[in-house]
Every structure is written in C-alpha cells, then in structure tokens.
Amino acid sequence: MRARPDDVVGRLADACRGRDIDGIRAVLNADAVAVCDGWTPIFGAAHTARLISLLLGVEIGTELTVESVNGAPGLALWCAGRALAVAAVQLRGSRVAVVWIVVDPAKLGGWHRR
C-alpha cells in the first residue's frame with residue numbers, strides 16, 4: 001500500500017517542528033536530493049536532512065505549515081505572516097526523493113499573508 005503524499009509530508013513537517021534530524025532522515029530516500037535557490041544540490045539522506053533541519057526547523061516565533069507548492073505537496077515556514085522558506089517535495093513511493101527549498105526573500109513575496 002502506497003503512503004499518501006499528505007501523510008509523508010505531514011511526517012516530515014512533524015520532524016521539522018521537533019528539529020528531529022533522525023526523524024527527517026527517516027522520511028527521506030537514501031539518495032534524496034535537496035535543491036535550494038540555485039545552490040549546488042545536496043545529495044544523500046544525511047546531508048539533505050541536515051539542510052532541511054537548518055532551513056525548515058521551527059524556532060520560537062515561527063510556524064511550519066503543510067501547503068501546496070506549485071501543485072506539489074510542500075511546506076512553508078512562517079514568522080509574523082511572512083514566509084521565511086517554502087519547500088516543494090517530490091515523493092518516490094512512501095519517501096521523499098527531492099526537496100526544492102526557496103529562502104530568497106525576493107522570491108517569497110507572493111507567499112506573505114496579508
């Protein structure tokens with residue numbers, strides 16, 4: 001039985017909320033890839049989990065929500081109604097294969113809540 005995308009992304013969100021790198025890694029494929037704002041891609045579950053924790057980990061005053069990002073399941077990190085980071089997720093089976101993360105404020109303007 002295949003996992004539903006919202007279940008997988010929900011588990012990823014929960015791990016990010018707890019800044020649980022092992023929990024994040026458990027949701028990733030071993031060969032997961034992270035791409036962030038045109039940086040060099042990050043390869044492998046361990047490195048990808050660390051990047052996700054750094055960029056999407058919840059701190060005091062922030063909130064992480066599950067969102068649709070360009071039609072794909074994803075996450076958005078908020079602070080006072082402003083998007084700090086938005087991530088689209090591509091699944092392979094019941095795990096995350098690719099994460100595209102945007103943190104560039106110039107690219108996030110459309111996400112800010114009015």
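A: Let's start with a term: a strand is a DSSP run of at least two residues, a helix is a run of at least four, and both are numbered from the N terminus. Please also keep in mind that this is a predicted model.

Q: Thanks! Let me try that on a loop. Where is asparagine 70 placed?

A: Asparagine 70 sits in the loop that connects strand E3 (63-69) with strand E4 (72-79). Although asparagine 70 is not a glycine, its phi is positive, about 50 degrees.

Q: Is asparagine 70 buried or exposed?

A: Look at the relative accessible area, where over 50% counts as exposed and under 20% as buried. Asparagine 70 has 80%, so it is exposed.

Q: Which place does arginine 19 have, and what is its phi?

A: Arginine 19 belongs to the loop between helix H1 (5-17) and helix H2 (21-27). Its phi is near 50 degrees, again a positive value in a residue other than glycine. With a relative accessible area of 32%, arginine 19 is partly exposed.

Q: Now for charges. How many salt bridges does the structure hold?

A: The general idea is that side chains of opposite charge can pair when their charged atoms come close. In this structure there are 4 salt bridges. One of them joins the side chains of aspartate 14 and arginine 17, at 2.8 Å from N to O.

Q: Where do aspartate 14 and arginine 17 lie?

A: Both are in helix H1, 3 residues apart, which is about one turn of the helix. Arginine 17 is partly exposed, because its relative accessibility of 37% falls between the two cut-offs.

Q: Which residue forms a salt bridge with arginine 92?

A: That partner is aspartate 31, and the closest N and O atoms are 3.3 Å apart. This pair links distant parts of the chain: arginine 92 is in strand E5 (residues 82-92) and aspartate 31 is in strand E1 (residues 28-36), 61 residues apart. Arginine 92 is partly exposed at 46% relative accessible area, and aspartate 31 is partly exposed at 45%.

Q: What does the salt bridge between lysine 107 and aspartate 37 tie together?

A: The side chains of lysine 107 and aspartate 37 meet at 3.9 Å, N to O. Lysine 107 lies in helix H4, while aspartate 37 lies in the loop between E1 and strand E2 (42-43), so this pair ties together parts that are 70 residues apart in sequence.

Q: On to strands. In which sense do E5 and E6 pair?

A: A helpful idea first: in a regular strand the side chains alternate between the two faces of the sheet. Here, E5 and E6 pair in the antiparallel sense, over 7 bridges. In this pairing, valine 86 stands opposite valine 102 in E6. E5 and E6 form a hairpin with 2 residues between them, and glycine 93 in the turn has a positive phi of about 70 degrees.

Q: How many bridges join E1 to E6, and how do these strands run?

A: E1 and strand E6 (residues 95-102) are joined by 5 bridges, and they run parallel. Valine 33 stands opposite valine 98 in E6.

Q: One last residue: where is glycine 110 found, and how far is it from alanine 83?

A: Glycine 110 is in the segment after helix H4 (105-108). Glycine 110 and alanine 83 are 27 residues apart in sequence, and their C-alpha atoms are 8.9 Å apart in space. Glycine 110 has a relative accessible area of 74%, so it counts as exposed.

Technical notes. Residues numbered from 1 in each chain as written. Heavy atoms only, no water. Buried < 20%, exposed > 50% of the residue type's maximum accessible area, 1.4 Å probe, protein only. Pairing = 2+ DSSP bridges.
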